[in-house]
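Student: I would like to go through this model and ask what stands behind each label.
Tutor: Then let us begin with one helix and its buried face.

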Amino acid sequence: RRIVPLVLPVTAEVLDEARRILDDAPRIMAREAVHAAVARLAGAAAICSFDGDFDAIPGIIRKAPQDI
């Protein structure tokens, strides 16, 4: 919680957005879609992750941890 003090909830709106993401990028896993949906709805500029699957999600910018 020191690194990321703001915890965002997974709401029905997030799950609906995750479903839309899965429709647009069917190769990704549901867990990644939920993370991407939270980021989109929160207005995040990017997601910090080693997981290159985020690169397949339209509108999501992935930053590798070593690049930050």
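Student: Which residues of α1 are called buried?
Tutor: In α1 the buried residues are V14, E17, A18 and I21. Buried stands for under 20% relative accessible area, exposed for over 50%, and partly exposed for the range in between (1.4 Å probe, protein chains only). Helices such as α1 are DSSP runs of H or I with at least four residues, strands are runs of E with at least two, and both are numbered from the N terminus. The model is predicted: local features need pLDDT of at least 70, side-chain atom pairs count only at pLDDT 80 or more, and totals for chains, interfaces and linings use all residues. Residues are numbered from 1 along each chain as its sequence is written, and side-chain values use heavy atoms, with hydrogens and water left out.

Student: What puts the buried residues V14, E17, A18 and I21 on the same side of α1?
Tutor: V14, E17, A18 and I21 are the buried set. They cover an arc of only 105° around the axis, so they lie on the same side of α1. The arc is that of the directions from the helix axis to the C-beta atoms. An α-helix has 3.6 residues a turn, so residues three or four places apart point the same way. On the other side of α1, A12 and D23 are exposed.

Student: Why does E17 count as buried?
Tutor: The relative accessibility of E17 is 10%, and the limit is under 20%, so E17 counts as buried.

Student: Which residues is E17 in contact with, beyond its neighbours within four places in sequence?
Tutor: E17 is in contact with A37, R40 and L41, where contact means heavy atoms within 4.5 Å. E17 and V38 are 21 residues apart in sequence, with 8.3 Å from C-alpha to C-alpha. The buried residues of α1 pack against α2 (30–42).

Student: How do you know that the span of α1 agrees with that of a helix?
Tutor: The expected span is 1.5 Å times one less than the number of residues. For the 13 residues of α1 (residues 12–24) this gives 18 Å, and the end C-alpha atoms are 19 Å apart, which agrees. α2 also has 13 residues; from first C-alpha to last it reaches 18 Å, close to the expected 18 Å.

Student: What covers the buried residues of α2?
Tutor: The buried residues of α2 are E32, A33, A36, A37, V38 and A39. Their cover includes α1 and β1 (47–48). Just after α2, G43 takes a positive phi of about 75°.

Student: What makes a set of residues a nonpolar core?
Tutor: Such a core is a set of buried Ala, Val, Leu, Ile, Met, Phe, Trp, Tyr and Cys residues joined through side-chain atoms within 4.5 Å. The largest one here has 14 residues, and those touching the most other members are I21, I28, A36, I47, F54, I57 and I60. α2 gives the most to this core, with 5 residues. Leaving out residues up to four places away in sequence, I28 touches I21, L22, A33, D53, A56 and I57.

Student: Why is the protein called as compact as a globular protein of its length?
Tutor: The elements run α-α-β-β from the N terminus. The radius of gyration is 12 Å, close to the 11 Å that the globule rule gives for 68 residues, so the protein is as compact as a globular protein of that length. The radius is taken over C-alpha atoms, and the rule is 2.2 Å times the number of residues to the power 0.38.
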